[in-house]
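Notebook open, model on the screen. I want to work through the sheet, then the ring contacts, then any empty space inside.

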Amino acid sequence: MLKTLCKKYTLLSDADIALLHNIAGTMQYTAALTNADVFLDCICKDGDRCIVVAEAKPPNGSLYERSVLGEWAELEKEPAVFTVFKTAVAARDIRAVTQENKSVRQVVVPIHNPQGDVIGVLIQEKDVSDSISQARK
C-alpha cells in the first residue's frame, strides 16, 4: 500500500519509496515500545497536503477506531507535520487533532534520504483528551 500511495500522490523516487518502506517495517516495534500510534506521512505532489502512507497501532489498543491509511493530514489540525517538512527539524509535544477529532500530543521527526531531502515524517501520537477535560474542570 505504501508504494501505491507514494506513486499516486507524491513525487518521490523509487529509492526514496524503498527507504520509507524499510522504515515502515519497523513502525510496529516503535508503536509497541512507546505504547502510541505511529504514522508515516509524505508531502503530496501539490505541496499543500500530506498523506498517511503507513501506520502502526500499539498492542494495548489504538486511539483510532479505524485505519487512516491513505487519508490526508490537514494543516489546521496537524501543524507540526507541515512545519517539520518545511524546517527539517523535529517537533515534540505538539498538540494536534486527529482525523477522528481527538486531541493528541505529537512527536514528529523528519525522514531524510541520502541526499538530505526530507521525504517523509514519522509521527508518534498519544491521546491527551482526558487531561484536557481534567484541566477544563
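**Entry 1: the sheet**

In what order do the strands of the open sheet lie, and is the pairing parallel or antiparallel? I read the order of the 6 strands as 3-2-1-6-5-4, with antiparallel pairing. This is a predicted model, so I keep that in mind throughout. The edges are strand 3 (72-73) and strand 4 (91-97), and each of them pairs on one side only.

I then went through the neighbours. Strand 1 (residues 37-43) runs antiparallel to strand 2 (residues 50-56), and 6 bridges join the two. For a landmark I picked Asp 41, whose bridge partner in strand 2 is Val 52.

**Entry 2: the two hairpins**

Next I looked at the other end of the strand order. Strand 4 and strand 5 (residues 103-112) are antiparallel, paired over 5 bridges. Val 97 stands opposite Ser 103 of strand 5. These two strands make a hairpin with 5 residues between them. In that turn I noted Asn 101, with a positive phi of about 60°.

Strand 5 also pairs with strand 6, again in the antiparallel sense, and here I found 9 bridges. Arg 105 stands opposite Lys 126 in strand 6. Strand 5 and strand 6 form a hairpin too, with 5 residues between them. The turn residue to note is Gly 116, where phi is positive at about 95°.

**Entry 3: aromatic rings**

How many aromatic pairs are there? I get 2.

In one of them, the ring centres of Tyr 9 and Trp 72 are 5.1 Å apart and the planes stand at 90°. Edge-to-face needs an angle over 60 degrees, so this pair is edge-to-face. Tyr 9 belongs to helix 1 (residues 2-9) and Trp 72 to strand 3, so the contact ties together parts that are 63 residues apart in sequence. I checked exposure as well: Tyr 9 is partly exposed at 24% relative accessible area, and Trp 72 is partly exposed at 30%.

The other pair is Phe 39 with Tyr 64, with centres 5.1 Å apart and planes at 70°, so I log this pair as edge-to-face as well. Phe 39 sits in strand 1 and Tyr 64 in the loop between strand 2 and strand 3, so this pair ties together parts that are 25 residues apart in sequence. Are Phe 39 and Tyr 64 buried or exposed? Both are buried.

Back to Trp 72 for a moment. I found the charged end of Arg 49 sitting over the Trp 72 ring, 3.9 Å from its centre.

**Entry 4: empty space**

How many cavities of 30 Å³ or more does the structure hold? I count 1, and the volume of the largest cavity is about 40 Å³.

I wanted to know which residues line the largest cavity. Among them are Phe 39 and Tyr 64, the buried ring pair from the last entry. Asp 41 and Val 52 are in the lining too, and they are the bridge partners I used as a landmark. The rest of my list is Val 68, Ala 73, Glu 78, Gln 99, Ile 123 and Glu 125. Strand 1 and strand 6 (118-127) are the elements that give two or more residues to this lining.

By class I get 6 nonpolar, 1 polar and 3 charged residues around the largest cavity. The charged ones include Asp 41 and Glu 125.

Terms used: Residues are numbered from 1 along each chain as its sequence is written. This is a predicted model: local features need pLDDT of at least 70, side-chain atom pairs count only at pLDDT 80 or more; totals for chains, interfaces and linings use all residues. Side-chain values use heavy atoms; hydrogens and water are left out. Two strands pair if DSSP finds at least two bridges between them. Helices (H or I, at least four residues) and strands (E, at least two) are DSSP runs, numbered from the N terminus. Rings of Phe, Tyr and Trp (its six-membered ring) pair if their centres lie within 6.5 Å; planes under 30 degrees apart count as stacked, over 60 as edge-to-face and the rest as tilted. Buried means under 20% relative accessible area, exposed over 50%, partly exposed in between (1.4 Å probe, protein chains only). A charge sits over a ring if NZ of Lys or CZ of Arg is within 6 Å of the ring centre and within 35 degrees of the ring normal. On a 1 Å grid over the protein atoms alone, a cavity is a set of points where a 1.4 Å probe fits but cannot get out, and a pocket is an open set with protein on both sides within 12 Å along at least five of seven lines; lining residues have an atom within 4 Å of a point. Grid points are joined across faces, edges and corners, and a volume is the space filled by probe spheres set on the points.
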